[in-house]
Amino acid sequence: MKAKPALVLAAIISLLLVRSIEAQDLGPQIKKFKDGIYVYVGKELNSNCGIVLTQEGVILIDSGHNPTDSRAILAAVKKLTSLPIRFLIDTEPHPDHTTGHFVFSPPAVVIAHEGATESMKNRERESPDRIQKLAAVSPEMRAALEGYRFVAPQIEYRQKTTLNMGERTFELMYLKGVHSEADTAIWLPKERVLFSASAAVVNQYNILRPIVTIPDILAALKMMKGLNPEFVIPGHGTPGTVKIFEDTERYYDLLIDRVGKMAREGKSLDEIKKELRMPEYDSWASKDRIPSNIEAAYKVVKSK
Ligand SMILES: [Zn+2]
(Lines give C-alpha, C1' and ligand atoms only; values in the text may rest on other atoms or scores of the structure.)
Protein backbone atom coordinates (compact mmCIF):
# COMPACT_ATOMS: atom_id res chain seq x y z
CA MET A 1 0.00 0.00 0.00
CA LYS A 2 1.26 3.42 -0.92
CA ALA A 3 0.87 6.24 1.61
CA LYS A 4 -0.77 9.39 0.38
CA PRO A 5 1.76 12.23 0.00
CA ALA A 6 -0.45 14.57 2.04
CA LEU A 7 -0.52 12.10 4.92
CA VAL A 8 3.24 11.60 4.76
CA LEU A 9 3.70 15.36 4.79
CA ALA A 10 1.34 15.73 7.75
CA ALA A 11 3.24 13.02 9.64
CA ILE A 12 6.57 14.73 8.95
CA ILE A 13 5.22 18.10 10.03
CA SER A 14 3.80 16.69 13.27
CA LEU A 15 7.08 14.91 14.00
CA LEU A 16 8.98 18.14 13.42
CA LEU A 17 6.52 19.98 15.65
CA VAL A 18 6.97 17.49 18.50
CA ARG A 19 10.74 17.66 18.08
CA SER A 20 10.79 21.46 18.09
CA ILE A 21 8.53 21.68 21.16
CA GLU A 22 10.84 19.35 23.03
CA ALA A 23 14.01 21.02 21.89
CA GLN A 24 13.30 24.66 22.57
CA ASP A 25 9.86 25.80 23.49
CA LEU A 26 9.71 24.12 26.87
CA GLY A 27 12.61 26.22 28.15
CA PRO A 28 16.00 25.24 29.55
CA GLN A 29 14.60 24.04 32.88
CA ILE A 30 12.60 21.15 31.40
CA LYS A 31 14.34 17.81 30.86
CA LYS A 32 12.75 14.74 29.29
CA PHE A 33 13.45 11.35 30.88
CA LYS A 34 11.01 9.02 29.09
CA ASP A 35 8.16 9.48 26.65
CA GLY A 36 5.72 11.74 28.47
CA ILE A 37 7.88 12.04 31.60
CA TYR A 38 9.50 15.41 32.14
CA VAL A 39 11.13 17.21 35.03
CA TYR A 40 11.25 20.94 35.58
CA VAL A 41 14.69 21.05 37.21
CA GLY A 42 14.90 23.87 39.76
CA LYS A 43 17.56 26.51 39.25
CA GLU A 44 20.47 26.44 41.72
CA LEU A 45 19.22 23.47 43.75
CA ASN A 46 15.68 24.83 43.91
CA SER A 47 13.01 22.13 44.08
CA ASN A 48 12.20 19.92 41.09
CA CYS A 49 8.74 19.34 39.64
CA GLY A 50 7.72 16.18 37.80
CA ILE A 51 5.39 16.41 34.80
CA VAL A 52 3.90 13.07 33.77
CA LEU A 53 1.54 12.86 30.83
CA THR A 54 -1.04 10.08 30.65
CA GLN A 55 -3.86 9.34 28.21
CA GLU A 56 -6.30 10.70 30.79
CA GLY A 57 -4.50 13.83 31.87
CA VAL A 58 -1.41 15.13 33.60
CA ILE A 59 0.04 14.22 36.99
CA LEU A 60 2.34 16.77 38.60
CA ILE A 61 4.80 15.90 41.32
CA ASP A 62 5.28 19.02 43.49
CA SER A 63 4.36 22.45 42.21
CA GLY A 64 7.67 24.28 41.73
CA HIS A 65 9.96 26.16 44.11
CA ASN A 66 8.30 29.57 43.74
CA PRO A 67 5.08 30.67 42.04
CA THR A 68 7.21 32.02 39.17
CA ASP A 69 8.32 28.40 38.61
CA SER A 70 4.71 27.19 38.92
CA ARG A 71 3.63 29.60 36.16
CA ALA A 72 6.49 28.38 33.92
CA ILE A 73 5.48 24.75 34.62
CA LEU A 74 1.86 25.47 33.73
CA ALA A 75 2.94 27.11 30.47
CA ALA A 76 5.08 24.07 29.61
CA VAL A 77 2.24 21.63 30.37
CA LYS A 78 -0.06 23.61 28.06
CA LYS A 79 2.48 23.24 25.26
CA LEU A 80 2.74 19.49 25.83
CA THR A 81 -0.95 18.61 25.99
CA SER A 82 -4.45 20.01 25.97
CA LEU A 83 -5.45 17.54 28.71
CA PRO A 84 -6.02 18.88 32.24
CA ILE A 85 -3.74 18.42 35.24
CA ARG A 86 -5.73 15.85 37.20
CA PHE A 87 -3.58 15.24 40.29
CA LEU A 88 -0.70 16.95 42.05
CA ILE A 89 1.30 14.69 44.36
CA ASP A 90 3.35 16.34 47.12
CA THR A 91 6.70 14.78 47.96
CA GLU A 92 6.72 17.00 51.09
CA PRO A 93 4.68 19.83 52.65
CA HIS A 94 7.39 22.53 52.76
CA PRO A 95 6.64 25.85 51.00
CA ASP A 96 9.33 25.35 48.34
CA HIS A 97 7.24 22.42 47.06
CA THR A 98 3.70 23.59 47.81
CA THR A 99 3.26 27.39 47.63
CA GLY A 100 2.33 27.13 43.95
CA HIS A 101 -0.60 24.75 44.54
CA PHE A 102 -3.06 27.58 43.85
CA VAL A 103 -1.78 27.76 40.24
CA PHE A 104 -2.95 24.17 39.59
CA SER A 105 -5.76 23.37 42.04
CA PRO A 106 -8.54 23.44 40.99
CA PRO A 107 -8.78 21.49 38.72
CA ALA A 108 -5.91 19.39 40.12
CA VAL A 109 -6.58 17.37 43.26
CA VAL A 110 -3.64 17.49 45.66
CA ILE A 111 -2.51 14.23 47.31
CA ALA A 112 -0.03 14.00 50.18
CA HIS A 113 0.82 11.74 53.07
CA GLU A 114 -1.05 12.10 56.34
CA GLY A 115 0.34 15.02 58.34
CA ALA A 116 1.04 17.24 55.35
CA THR A 117 -1.95 19.52 55.89
CA GLU A 118 -1.14 20.03 59.55
CA SER A 119 2.49 20.82 58.69
CA MET A 120 1.42 23.34 56.04
CA LYS A 121 -1.11 25.01 58.35
CA ASN A 122 1.43 25.31 61.16
CA ARG A 123 3.84 27.06 58.84
CA GLU A 124 1.15 29.50 57.64
CA ARG A 125 0.40 30.28 61.28
CA GLU A 126 4.07 30.75 62.19
CA SER A 127 4.76 33.18 59.34
CA PRO A 128 1.55 34.96 58.36
CA ASP A 129 3.46 37.53 56.28
CA ARG A 130 5.28 34.88 54.23
CA ILE A 131 3.40 35.61 51.00
CA GLN A 132 3.78 39.40 51.35
CA LYS A 133 7.52 38.95 51.81
CA LEU A 134 7.71 36.65 48.81
CA ALA A 135 5.79 39.15 46.66
CA ALA A 136 8.33 41.84 47.60
CA VAL A 137 11.18 39.80 46.06
CA SER A 138 10.52 41.04 42.50
CA PRO A 139 7.77 42.39 40.22
CA GLU A 140 7.73 38.95 38.50
CA MET A 141 7.12 37.22 41.83
CA ARG A 142 4.32 39.65 42.70
CA ALA A 143 2.68 38.99 39.34
CA ALA A 144 3.07 35.22 39.73
CA LEU A 145 1.41 35.39 43.16
CA GLU A 146 -1.71 37.04 41.79
CA GLY A 147 -4.75 35.12 42.97
CA TYR A 148 -2.77 33.34 45.71
CA ARG A 149 -4.77 31.10 48.01
CA PHE A 150 -3.52 28.62 50.58
CA VAL A 151 -4.29 25.20 49.09
CA ALA A 152 -3.78 22.17 51.32
CA PRO A 153 -3.97 18.57 50.07
CA GLN A 154 -7.54 17.42 49.44
CA ILE A 155 -6.47 13.80 49.95
CA GLU A 156 -4.10 12.41 52.55
CA TYR A 157 -3.12 8.74 52.38
CA ARG A 158 -1.46 6.49 54.94
CA GLN A 159 1.74 4.50 54.31
CA LYS A 160 1.03 3.42 50.72
CA THR A 161 -1.43 4.08 47.94
CA THR A 162 -1.69 3.51 44.20
CA LEU A 163 -2.94 5.93 41.60
CA ASN A 164 -3.92 4.46 38.23
CA MET A 165 -4.20 7.03 35.51
CA GLY A 166 -4.59 6.07 31.87
CA GLU A 167 -1.76 3.74 30.92
CA ARG A 168 0.34 4.57 33.98
CA THR A 169 0.59 3.44 37.58
CA PHE A 170 1.92 5.65 40.36
CA GLU A 171 2.87 3.97 43.63
CA LEU A 172 3.01 6.44 46.50
CA MET A 173 5.17 5.38 49.43
CA TYR A 174 5.59 7.11 52.75
CA LEU A 175 9.19 7.72 53.74
CA LYS A 176 9.38 7.88 57.53
CA GLY A 177 11.70 10.36 59.23
CA VAL A 178 13.75 11.39 56.19
CA HIS A 179 13.04 15.12 55.85
CA SER A 180 9.59 16.41 56.90
CA GLU A 181 6.46 15.19 58.65
CA ALA A 182 5.04 13.79 55.41
CA ASP A 183 7.54 12.64 52.77
CA THR A 184 6.35 10.64 49.76
CA ALA A 185 8.33 8.75 47.12
CA ILE A 186 6.52 8.17 43.84
CA TRP A 187 7.44 5.08 41.84
CA LEU A 188 6.41 4.36 38.25
CA PRO A 189 7.14 0.61 38.04
CA LYS A 190 6.63 0.16 34.29
CA GLU A 191 8.78 3.16 33.36
CA ARG A 192 11.23 2.56 36.26
CA VAL A 193 11.25 6.22 37.17
CA LEU A 194 11.44 7.12 40.86
CA PHE A 195 10.69 10.49 42.41
CA SER A 196 12.65 10.14 45.63
CA ALA A 197 11.55 13.26 47.58
CA SER A 198 14.18 14.91 49.79
CA ALA A 199 15.52 11.70 51.35
CA ALA A 200 18.74 12.40 49.47
CA VAL A 201 19.80 15.63 47.82
CA VAL A 202 22.62 16.20 45.36
CA ASN A 203 25.89 18.04 46.09
CA GLN A 204 24.28 19.60 49.11
CA TYR A 205 24.00 18.95 52.86
CA ASN A 206 20.44 18.09 53.78
CA ILE A 207 18.79 19.70 56.78
CA LEU A 208 18.21 17.06 59.43
CA ARG A 209 15.37 18.25 61.64
CA PRO A 210 14.77 16.64 65.07
CA ILE A 211 12.15 14.29 63.55
CA VAL A 212 14.75 13.00 61.05
CA THR A 213 17.15 10.16 61.85
CA ILE A 214 20.06 8.87 59.78
CA PRO A 215 18.94 5.21 60.20
CA ASP A 216 15.51 6.20 58.79
CA ILE A 217 17.19 7.91 55.82
CA LEU A 218 19.43 4.90 55.17
CA ALA A 219 16.44 2.52 55.41
CA ALA A 220 14.50 4.65 52.90
CA LEU A 221 17.46 4.74 50.49
CA LYS A 222 17.84 0.95 50.74
CA MET A 223 14.14 0.43 50.06
CA MET A 224 14.24 2.78 47.05
CA LYS A 225 17.42 1.21 45.68
CA GLY A 226 15.65 -2.15 45.90
CA LEU A 227 13.06 -0.90 43.40
CA ASN A 228 15.87 -0.82 40.82
CA PRO A 229 14.98 2.49 39.20
CA GLU A 230 16.51 3.61 35.92
CA PHE A 231 16.07 7.28 36.79
CA VAL A 232 16.04 8.90 40.22
CA ILE A 233 14.49 12.36 40.49
CA PRO A 234 15.35 13.90 43.86
CA GLY A 235 13.37 16.72 45.47
CA HIS A 236 16.32 19.02 44.87
CA GLY A 237 19.36 18.74 42.60
CA THR A 238 20.17 17.28 39.21
CA PRO A 239 18.22 14.07 38.51
CA GLY A 240 20.32 10.96 37.97
CA THR A 241 20.47 7.33 39.02
CA VAL A 242 20.80 5.33 42.26
CA LYS A 243 24.30 6.83 42.46
CA ILE A 244 22.53 9.71 44.24
CA PHE A 245 21.58 7.25 47.00
CA GLU A 246 25.01 5.63 47.07
CA ASP A 247 26.78 8.99 47.43
CA THR A 248 24.45 9.90 50.29
CA GLU A 249 25.00 6.52 52.02
CA ARG A 250 28.77 6.95 51.75
CA TYR A 251 28.55 10.44 53.24
CA TYR A 252 26.51 9.35 56.27
CA ASP A 253 28.73 6.29 56.83
CA LEU A 254 31.82 8.51 56.89
CA LEU A 255 30.10 11.10 59.10
CA ILE A 256 29.02 8.47 61.66
CA ASP A 257 32.50 6.94 61.55
CA ARG A 258 34.24 10.25 62.30
CA VAL A 259 31.75 11.38 64.94
CA GLY A 260 32.07 7.93 66.57
CA LYS A 261 35.86 8.14 66.72
CA MET A 262 35.74 11.60 68.31
CA ALA A 263 33.07 10.52 70.81
CA ARG A 264 35.24 7.53 71.82
CA GLU A 265 38.11 9.98 72.38
CA GLY A 266 35.83 11.58 74.98
CA LYS A 267 34.84 14.66 72.99
CA SER A 268 31.50 16.35 73.73
CA LEU A 269 28.92 17.10 71.04
CA ASP A 270 29.93 20.78 71.10
CA GLU A 271 33.60 19.91 70.69
CA ILE A 272 32.79 17.58 67.81
CA LYS A 273 30.75 20.31 66.12
CA LYS A 274 33.72 22.67 66.38
CA GLU A 275 36.43 20.23 65.33
CA LEU A 276 34.90 17.82 62.82
CA ARG A 277 36.00 18.27 59.22
CA MET A 278 34.58 16.65 56.11
CA PRO A 279 37.01 17.91 53.42
CA GLU A 280 35.67 15.32 50.96
CA TYR A 281 32.44 17.33 50.84
CA ASP A 282 33.84 20.87 50.71
CA SER A 283 32.12 21.47 47.39
CA TRP A 284 28.66 20.73 48.83
CA ALA A 285 26.24 23.61 49.33
CA SER A 286 24.33 24.55 52.51
CA LYS A 287 27.22 24.18 54.99
CA ASP A 288 25.06 25.86 57.66
CA ARG A 289 23.28 22.50 57.90
CA ILE A 290 26.40 20.60 59.01
CA PRO A 291 25.66 21.02 62.76
CA SER A 292 22.25 19.34 62.30
CA ASN A 293 24.01 16.48 60.50
CA ILE A 294 26.53 16.09 63.34
CA GLU A 295 23.73 16.05 65.94
CA ALA A 296 21.96 13.27 64.05
CA ALA A 297 25.19 11.27 63.72
CA TYR A 298 25.94 11.78 67.43
CA LYS A 299 22.53 10.28 68.30
CA VAL A 300 23.39 7.20 66.24
CA VAL A 301 26.78 6.85 67.92
CA LYS A 302 25.32 7.24 71.44
CA SER A 303 22.55 4.71 70.80
CA LYS A 304 25.03 1.99 69.83
ZN1 LIG B 1 11.83 20.57 52.46
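Two residues count as in contact if their C-beta atoms, placed from the backbone, lie within 7 Å. Axes are lines fitted to C-alpha atoms (for helices, over the stretch in contact), with angles running from 0 to 180 degrees between N-to-C directions. Helices (H or I, at least four residues) and strands (E, at least two) are DSSP runs, numbered from the N terminus.

The model is predicted: local features need pLDDT of at least 70, side-chain atom pairs count only at pLDDT 80 or more, and totals for chains, interfaces and linings use all residues. Residues are numbered from 1 along each chain as its sequence is written.

**Exercise 1. Find helix 2 and work out which strands it lies across.**

Step one: pick out residues 67-80, which make up helix 2. Step two: look at what helix 2 lies across, namely strand 1, strand 2 (37-40), strand 3, strand 4 and strand 5 (85-89). Step three: check the direction; helix 2 runs at about 20° to strand 3.

**Exercise 2. Trace the open sheet of seven strands and name its edges.**

Start with the order, 1-2-3-4-5-6-7, with mixed pairing; two strands pair if DSSP finds at least two bridges between them. Strand 1 (30-34) and strand 7 (155-157) each have a single partner strand, so one side of each is left without a neighbour in the sheet. Neighbouring strands here are turned by 25° against each other on average, direction ignored. Now zoom in: strand 3 (residues 49-54) and strand 4 (residues 57-61) run antiparallel, joined by five bridges. Across that pair, L53 stands opposite V58.

**Exercise 3. Do likewise for the open sheet of five strands.**

The order is 8-9-10-11-12, again with mixed pairing. Its edge strands, 8 (160-165) and 12 (231-233), pair on one side only. On average, neighbours are turned by 20° against each other, direction ignored. Strand 8 runs antiparallel to strand 9 (residues 168-175), with six bridges between them, and N164 faces T169 in strand 9.

**Exercise 4. Which residues of helix 8 are buried, and what covers them?**

First, the cut-offs: buried is 20 or more other C-beta atoms within 10 Å of a residue's own, exposed is 12 or fewer, and partly exposed is in between, with C-beta atoms placed from the backbone. In helix 8, I217, L218, A220, L221 and M224 are buried. Seen down the axis, the buried residues fall within an arc of 160° (taken from the directions from the helix axis to the C-beta atoms), so they line one face of helix 8. On the other side, K222 and G226 are exposed. The cover over the buried residues includes strand 9, strand 10 (183-188), strand 11 (193-195) and helix 9 (243-264).
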